[in-house]
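Me: Please take a close look at a single part of this structure, the place where the ligands sit. I am a first-year student, so explain each term as you go.

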Amino acid sequence: MKPNQVRCGEHSDYGSVTLLFQDESGGLEVMHRSGQYISAPCIPGTVLVNIADLMQRWTSDVLVSTFHRVLLPPDDKMNTSRQSVAFFVHPDKDEIISCCDGSNKYPPVSALQYVTDRVDVSYENANKKNLSV
Ligand SMILES: O=C(O)CCC(=O)C(=O)O
Ligand SMILES: [Fe+2]
């Protein structure tokens, strides 16, 4: 196992909302507005709804995109599997996302352009990381 390995590193989702179905293994944490991570365990029969980045832009920060991550289980559960299903809800690719209060807090961007830019940055960061080890 690599140092600092996690099941899913800290990130926010790119779209409008994400519906997350997770089993009872646990491990998902979401960042509270205080900056502290808090556990978001499975509540049987419920679906977790994450606000994602384009929703934050649309609402001029009224709804805030949530950083989240999935840590490794404790040693005694290290050999157990975990399953989750994320349904990423995205606007149509050509939709222009501008602040719905007219504030222009974020410049208008097409849904596709936003996702493409985010994916580019994440690949650049991954490449930098790989080159530095
Ligand atoms: O597996 C999870 O609980 C989270 C997955 C996730 O955040 C993602 O796929 O974007
Ligand atoms: Fe996510």
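Reply: The answer below goes from the metal to the ligand beside it, then to a pocket and the chain as a whole.

This is a predicted model, in which local features need pLDDT of at least 70 and side-chain atom pairs count only at pLDDT 80 or more, while totals for chains, interfaces and linings use all residues. Residues are numbered from 1 along each chain as its sequence is written, chains are lettered from A and ligands numbered from 1 in the order in which they are written, and side-chain values use heavy atoms, with hydrogens and water left out.

The iron ion (ligand 2) has three named protein donors, His11 (NE2), Asp13 (OD) and His68 (NE2), lying 2.1 to 2.2 Å from the ion. Donors are N, O and S atoms within 2.8 Å of the metal (3.2 Å for Na, K and Ca); water is not among the atoms, so sites may look incomplete. Along the chain the donors follow the spacing H-x1-D-x54-H. Aspartate 13 belongs to the loop between E1 and strand E2 (17–22) and histidine 68 to strand E6, so this pair ties together parts that are 55 residues apart in sequence. Strands (E, at least two residues) and helices (H or I, at least four) are DSSP runs, numbered from the N terminus.

His11, Asp13 and His68 also appear around ligand 1, together with Leu20, Leu28, Val70, Arg82, Ser84 and Phe88. A residue is near a molecule or strand if one of its heavy atoms lies within 4 Å of it. By class, this shell has four nonpolar, three polar and two charged residues. Here Ala, Val, Leu, Ile, Met, Phe, Trp, Tyr, Cys and Pro count as nonpolar, Asp, Glu, Lys and Arg as charged, and the others, Gly among them, as polar. Strand E6 (68–70) and strand E7 (84–89) each supply at least two residues of the shell.

Oxygen atoms of ligand 1 lie 3.0 Å from a polar side-chain atom of histidine 11, 3.0 Å from an N or O atom in the side chain of histidine 68, and 2.6 Å from an N or O atom in the side chain of serine 84.

Histidine 11 also helps to line the second largest pocket, whose lining includes Glu10, Tyr14 and Arg118. Helix H2 gives the largest share of that lining, four residues.

The protein chain as a whole has two helices and nine strands, in the order β-β-β-β-β-α-β-β-β-β-α from the N terminus on.

Key:
A polar contact is a pair of N or O atoms within 3.5 Å; within protein, one must be able to donate a hydrogen and the other to accept it, and residues adjacent in sequence count only if both atoms are side-chain atoms. On a 1 Å grid over the protein atoms alone, a cavity is a set of points where a 1.4 Å probe fits but cannot get out, and a pocket is an open set with protein on both sides within 12 Å along at least five of seven lines; lining residues have an atom within 4 Å of a point.
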